[in-house]
Amino acid sequence: MATKKYKLRKFTPCKNRKFKLSKNQMAKLNEWLMGVEQRAAEFQAANIKINNDGMGLGLPDYGAIGGGLAFTFAPNGIGTYCKVTEAITGESIDLSEYDQW
C-alpha cells in the first residue's frame, strides 16, 4: 500500500518577536508569586536544605542564575497563551487574557 506524500509548508521562524506582560498580568503574577515562593522555600527547608543565601528571609534557592520561573508564550492567531511555571513546586498560573481575544 502506497503512502500519500504531503507537501509541507515552509517554516518561517519568529524573528525579533517580543512577548510582554500587561499591567494586569504582572499584578496577577506578583500576587501568585507571593504564595508560591513561600511554598517553594518551605519545601526546600523540609526536603533539601535551608537557603542561607536569602539572609534568613525564607526565600527559595533557585541557583546561581535564578531560573525559578519558566514562561510559555504561544501565539495562536486570536491571542497569545501565556503560562508561568515555578521550578521547585511545579505550580503554574495561566496569565492568558482570554477576554482580550
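**Figure 1. The salt bridge between helix H1 and the loop between E2 and E3.** In this predicted model, a search of the whole structure finds one salt bridge. Its partners are Arg39 and Glu91, whose side chains meet with an N to O distance of 2.8 Å. The pair links distant parts of the chain, 52 residues apart: Arg39 belongs to helix H1, and Glu91 lies in the loop between E2 and E3. Arg39 has a relative accessible area of 39% and is therefore partly exposed. Glu91 likewise counts as partly exposed, at 25% relative accessibility.

**Figure 2. The stacked rings of Phe19 and Phe73.** Three aromatic pairs are found in a search of the whole structure. In one of them, the ring centres of Phe19 and Phe73 are 4.8 Å apart and the ring planes stand at 5°, so the pair is stacked; the cut-off for stacking is an angle under 30 degrees. This pair, too, links distant parts of the chain, since Phe19 lies in the segment before helix H1 (23–47) and Phe73 in strand E1 (residues 69–75), 54 residues apart. The relative accessibility of Phe19 is 34%, so Phe19 counts as partly exposed. Phe73 has a relative accessible area of 25% and is also partly exposed. Together with Phe71, these two residues form one aromatic cluster.

**Figure 3. The open three-stranded sheet.** The strands are arranged in the order E1-E2-E3 and pair in the antiparallel sense. E1 and strand E3 (92–94) stand at the edges; each has a single partner strand, so one side of each is left without a neighbour in the sheet. Direction ignored, neighbouring strands of this sheet are turned by 15° against each other on average. Helix H1 lies across E1, E2 and E3 and runs at about 20° to E2.

**Figure 4. Pairing of E1 with E2 and the hairpin between them.** Seven bridges join E1 and E2 in the antiparallel sense. Among the bridged residues is Phe71, whose partner in E2 is Val84. Phe71 is also a member of the aromatic cluster with Phe19 and Phe73. Four residues lie between the strands of this hairpin, where Gly77 takes a positive phi near 100°.

**Figure 5. Pairing of E2 with E3 and the second hairpin shown.** Strand E2 (residues 80–86) and E3 pair in the antiparallel sense over three bridges. Thr85 has Ser92 as its bridge partner in E3, and Lys83 has Asp94 as its bridge partner in that strand. The hairpin of E2 and E3 has five residues between the strands, and Gly90 takes a positive phi near 80° there. Glu91, the salt-bridge partner of Arg39, is located in the loop between these strands.

**Figure 6. The overall setting of the close-up views.** The protein has one helix and three strands, which follow the pattern α-β-β-β along the sequence. Of its 101 residues, 20% are buried. Among contacts with a separation of 6 or more, 44% are made by residues 24 or more positions apart. The protein exposes about 8,300 Å², of which carbon and sulfur atoms supply 55%.

Methods:
Residues numbered from 1 in each chain as written. Predicted model: local features only at pLDDT ≥ 70, side-chain atom pairs only at ≥ 80, totals over all residues. Heavy atoms only, no water. Phe/Tyr/Trp six-rings, centres within 6.5 Å; stacked < 30°, edge-to-face > 60°. Helix = DSSP H or I, 4+ residues; strand = E, 2+ residues; numbered from the N terminus. Buried < 20%, exposed > 50% of the residue type's maximum accessible area, 1.4 Å probe, protein only. Pairing = 2+ DSSP bridges. Axes fitted to C-alpha atoms, helices over the stretch in contact; angles between N-to-C directions. Contact = heavy atoms within 4.5 Å. Areas by Shrake-Rupley, 256 points an atom, 1.4 Å probe, with all protein chains shown as cover. Salt bridge = Lys/Arg side-chain N within 4 Å of Asp/Glu carboxyl O.
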